[in-house]
Amino acid sequence: MAEPFGPNLLRAKGIVRIRGEDRPLAVHGVQHTFHPPTRLARWPAGLKHPTLVLILADADMEQVYDAAREFGLMPTLSEKMREIDHAL
């Protein structure tokens, strides 16, 4: 996730899901230095979705949304539409 933002990524921290894995990963980094991800034993109580906080300098929000979708952190429009259709 760091690559699209280059030096504009000041900090990243979160708990993410990897496709095909049941246990989440805790990730964090500062600028271009990322610590190895830590596999957690289970999802933290009350957390139902992956969460990632990015602190960016001079960020283009469209680029942020595109990167989030690419990494599976946000549903694509078609996925969101399927959710809406299924709920109706």
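**Exercise 1. Find the largest nonpolar core and the elements that feed it.**

Solution. Start with the rule: a nonpolar core is a set of buried Ala, Val, Leu, Ile, Met, Phe, Trp, Tyr and Cys residues joined through side-chain atoms within 4.5 Å. Buried means under 20% relative accessible area, exposed over 50%, and partly exposed in between (1.4 Å probe, protein chains only). The largest such core has 5 residues: F5, L9, A12, V64 and A67. Next, assign elements. β1 (9–16) and α1 (61–70) each supply at least two residues of this core. Helices (H or I, at least four residues) and strands (E, at least two) are DSSP runs, numbered from the N terminus.

The model is predicted: local features need pLDDT of at least 70, side-chain atom pairs count only at pLDDT 80 or more, and totals for chains, interfaces and linings use all residues. Residues are numbered from 1 along each chain as its sequence is written, and side-chain values use heavy atoms, leaving out hydrogens and water.

**Exercise 2. Determine how the buried residues of α1 are arranged.**

Solution. List them: V64, A67 and A68. Now look down the axis of α1. These buried residues fall within an arc of 100 degrees, so they line one face of the helix. The arc is taken from the directions from the helix axis to the C-beta atoms. An α-helix has 3.6 residues a turn, so residues three or four places apart point the same way. Turn to the face away from the buried side: E62 and E70 are exposed there. Last, the cover. β5 is included in what covers the buried residues of α1.

**Exercise 3. Locate the salt bridge and place its partners.**

Solution. Apply the criterion: a side-chain nitrogen of Lys or Arg within 4 Å of a carboxyl oxygen of Asp or Glu. The count comes to 1 salt bridge. E21 and R39 form it, at 3.9 Å, N to O. E21 sits in the loop between β1 and β2 (25–30), and R39 in strand β4 (residues 38–39), 18 residues apart. Check accessibility. E21 counts as partly exposed because its relative accessibility is 40%. R39 is also partly exposed, at 31%.

**Exercise 4. Describe the fold in outline.**

Solution. Count elements: 2 helices and 5 strands. From the N terminus, the order is β-β-β-β-β-α-α. Then burial: of the 88 residues, 16% count as buried. Then contacts (heavy atoms within 4.5 Å). Among those with a separation of 6 or more, 50% come from residues 24 or more positions apart.
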